[in-house]
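I sat down with this one and a fresh notebook page. Here is what I looked up, in the order I got to it.

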Amino acid sequence: MQMRAIAQYYGYEQVVLLALQAGMDVLAIANQLQYDPDLAAKTIAIIKKLLNEGKLTPARIDESYAHIVKCKERLGTIP
């Protein structure tokens, strides 16, 4: 999410929203260009804020959760 092609045009909160709206189930957060030890916590706070503002729906989060569980079941990592 720190790729210059993205960061040049979008703020971090907007990138998180667009990624989740586009169907990303797992966010891979690059944290090497401008290291922030609190970036994971900030990302979680952004997701909660987007949910509270109605910009992101709980159904969208549930959809990602279901995808992740299904993948883990196929891999045999959960019963």
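My entries below go helix by helix and then out to the surface.

**Entry 1, before starting.** I am reading a predicted model, so I keep that in mind throughout.

**Entry 2, helix H3.** I began with H3, which runs over residues 39–52 and has 14 residues. From first C-alpha to last I get 20 Å, close to the 20 Å expected at 1.5 Å a residue. Next I asked which residues of H3 are buried. They turn out to be Leu-39, Thr-43, Ile-46, Ile-47 and Leu-50. These buried residues cover an arc of only 100° around the axis, so they sit on the same side of H3. That fits the textbook rule: an α-helix has 3.6 residues a turn, so residues three or four places apart point the same way. I then turned to the other side of H3, where Ala-41, Lys-48 and Asn-52 are exposed.

**Entry 3, partners of H3.** What do the buried residues of H3 pack against? I find H2 and H4 there. Just after H3, I also noted Gly-54, which takes a positive phi of about 80°.

**Entry 4, Thr-43.** A threonine on the buried list made me look again. Thr-43 is in helix H3, and I count this residue as buried because its relative accessible area is 4%, under the 20% cut-off. Leaving out residues up to four places away in sequence, I see Thr-43 touching Tyr-12, Val-16, Leu-27 and Ile-29.

**Entry 5, helix H2.** Here the buried residues are Val-15, Val-16, Leu-17, Ala-19 and Leu-20. I checked what covers the buried residues of H2, and the cover includes H1, H3 and H4. Val-16 thus shows up twice in my notes, as a buried residue of H2 and as a contact of Thr-43. Just after H2 comes Gly-23, with a positive phi of about 105°.

**Entry 6, a surface patch.** I looked for nonpolar surface and found a patch of about 320 Å², made by Tyr-9, Tyr-10 and Leu-18. Where does Tyr-10 lie? I place Tyr-10 in the loop between helix H1 (4–7) and helix H2 (12–21). Tyr-10 counts as partly exposed because its relative accessibility is 37%.

**Entry 7, past H4.** My last stop was Thr-77, in the segment after helix H4 (58–75). Is Thr-77 buried or exposed? I have Thr-77 as exposed, with a relative accessible area of 52%. From Thr-77 to Asn-52, 25 residues apart along the chain, the C-alpha atoms are separated by 32 Å.

Terms used:
Residues are numbered from 1 along each chain as its sequence is written. This is a predicted model: local features need pLDDT of at least 70, side-chain atom pairs count only at pLDDT 80 or more; totals for chains, interfaces and linings use all residues. Side-chain values use heavy atoms; hydrogens and water are left out. Patches are made of residues with over 30% relative accessible area and no salt bridge: like charges are joined within 9 Å, nonpolar side chains (Val, Leu, Ile, Met, Phe, Trp, Tyr) within 5 Å. Accessible areas come from the Shrake-Rupley method with a 1.4 Å probe; for residues, only the protein chains shown count as cover. A salt bridge is a side-chain nitrogen of Lys or Arg within 4 Å of a carboxyl oxygen of Asp or Glu. Buried means under 20% relative accessible area, exposed over 50%, partly exposed in between (1.4 Å probe, protein chains only). The expected span of a helix is 1.5 Å times one less than its number of residues. The arc is that of the directions from the helix axis to the C-beta atoms. Contact means heavy atoms within 4.5 Å.
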